[in-house]
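Student: I have a structure open in front of me and would like to learn how to read it. Could you take me through it one feature at a time?

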Amino acid sequence: MSDTTTSGAATSGATDGVATGASVATVDLDAARAEALAAIAATAPGDADALDALERRYLGRRTSVAARAKEAIKDLPPAARPEAGRALSAFTAEIRAALDARRAGPVPAPVGPPPLDLTAGGHGRRRGHLHLVTQTRRALEDVFCGMGYEVVEGPEVEDDWHNFEALNIPPGHPARAMQDTLYVNLGEPEQVLLRTHTSPVQVRVMQARRPPIYVVVPGRVYRNETLDARHSPVFHQLEGLAVDRHITFGDLAGTIEAFVSAFFGRPVRSRLAPSYFPFTEPSAEFAAECVFCDGAGCRVCSHTGWIELGGCGLVDPNVFAAVGIDPERWSGFAFGFGLERVAMLRHGVEPIKTFFENDLRFLSAY
Ligand code: DAH
């Protein structure tokens, strides 16, 4: 009962000059707080003058709401003063915080990921480029197109007749042993194969069109060979064929010298040395002056001053006969060489497997 009495006395005291939690004497702090917060919220953020005026009105030293409440506390019985003091402190702190927040101006947008800037530079996208063998093929195609040749291609899976027989290499001919062949398990045994050279495309072109013919044939070829520094079971060749009236060995020699110089980008001497190929008569191996020592002799050219590039010769009459071209009316020359080999010489790349290992250091260097 005594509790009830005390509480009842305090409640009535709110109007009679006794403090309660949110009122100090005759000052209604709850009402004043609501009024002050509304006034602060209605003030433009950062409007210092208006906010200063509000501070004076509610918290100022002399006539403000807080000043009046403080005065009223002094009139309270000592037992009621602490609670009234706490209520006033809470009021003051809340109003000051609201004023300070309003003075700070508009609330900045929350910090998130930076906005997307479409004009900013990026990491870039690394672009690939053509493989050195393709670059070499294209460079040579350019050189020959400049001399009036046309680029043609043929199948990589070939038949025995085009790859050997029509090229004057009949079954049992020792020249077959020079090109270890990979046969495909199709049709008659040993009749379908991965072409061992690009020369069968000579045959296909001469079957399909009549002279004059000026073509080059780039392409991939296959041999049953063990990989070593200079040999690979897969590599690329470029074949050339010219058939016209009165073609001579001189035309062949001049053509080789022209393309070798164009490919290496400066005058490079070439030479033809007697050799043997079944599909040319006479036949030769052609070599270029060593581009590393200018013919003086070095390790690359085995101190000969010359580097063998490929084979060539005048088209054998038997080949013309196989494709139905009259060797009495037409003559021609042919040549063939390895693309990797000339690329190795021009760019100093070794060994040959570098071309197809796909090591990024090689791929990006060339
Ligand atoms: N086909 C020959 C080889 O792969 C290269 C060759 C020699 C091609 C003489 C020719 C040529 O056109 O006339 O070894």
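Tutor: We will go from confidence and domains to helices, sheets and a few unusual backbone spots.

Student: Before I trust any detail, what average pLDDT does the protein have?

Tutor: This is a predicted model, and the average pLDDT of the protein is 89, with 93% of the residues scoring at least 70. Residues 1-20 should be read with care, for their pLDDT stays under 50, and the model has 18 contacts beyond four places in sequence for them.

Student: Which domains does the domain assignment give, and how far apart do their C-alpha centres lie?

Tutor: The assignment gives domain 1 as residues 2-103 and domain 2 as residues 132-365, and the C-alpha centres of these two domains lie 104 Å apart.

Student: How should I read a pair of helices, and at what angle do α3 and α5 cross?

Tutor: One looks at how their axes approach and cross, and then at the residues that meet. Here the axes of α3 (residues 48-59) and α5 (residues 81-103) come within 10 Å and cross at roughly 175°, and an angle over 145 degrees counts as roughly antiparallel, so α3 and α5 are roughly antiparallel to each other. On the α3 side the contact includes A48, L51 and Y58, while on the α5 side it includes T92, I95 and R103. The residues of this contact divide into 7 nonpolar, 1 polar and 4 charged.

Student: Turning to the sheets, in what order do the strands of the open sheet of 7 strands stand?

Tutor: The order is β3-β7-β8-β12-β11-β10-β9, and the pairing is mixed. At the edges stand β3 (150-151) and β9 (270-277), each with a single partner strand, so one side of each is left without a neighbour in the sheet.

Student: How many bridges join the neighbours from β9 to β12?

Tutor: Starting at the edge, β9 pairs with β10 in the antiparallel sense over 7 bridges, and F277 has T280 of β10 as its bridge partner. Strand β10 (residues 280-289) in turn pairs with β11 (residues 306-315) over 8 bridges, again antiparallel, and there T280 stands opposite V315. Finally, β11 and β12 (residues 331-338) are antiparallel over 5 bridges, with C312 opposite F335.

Student: Which helices lie across strands of this sheet?

Tutor: Helix α9 lies across β7, β8 and β12 and runs at about 35° to β8, while α12 (residues 339-347) lies across β7, β8, β11 and β12 and runs at about 60° to β12.

Student: What is the order of the open sheet of 3 strands?

Tutor: That sheet has the order β4-β6-β5 with antiparallel pairing, and its edge strands are β4 (157-159) and β5 (182-183), each of which pairs on one side only. Between β4 and β6 (residues 192-194) there are 3 bridges, and V157 has L194 as its bridge partner.

Student: Which peptide bonds are cis, and where do they lie?

Tutor: Most residues other than glycine have a negative phi, and most peptide bonds are trans. Here a cis bond joins P211 and P212, with omega about 5°, and P212 is placed in the loop between α9 and β7. Another cis bond joins E281 and P282, with omega about -5°, and P282 lies in strand β10. As for phi, S302 has a positive value near 50° although this residue is not glycine, and S302 is found in the loop between β10 and β11.

Key. Residues numbered from 1 in each chain as written. Predicted model: local features only at pLDDT ≥ 70, side-chain atom pairs only at ≥ 80, totals over all residues. Axes fitted to C-alpha atoms, helices over the stretch in contact; angles between N-to-C directions. Helix = DSSP H or I, 4+ residues; strand = E, 2+ residues; numbered from the N terminus. Parallel < 35°, antiparallel > 145°, perpendicular 65-115°, else oblique. Contact = placed C-beta atoms within 7 Å. Nonpolar A, V, L, I, M, F, W, Y, C, P; charged D, E, K, R; others polar. Domains from an automatic or database assignment. Pairing = 2+ DSSP bridges. pLDDT = per-residue confidence, 0-100.
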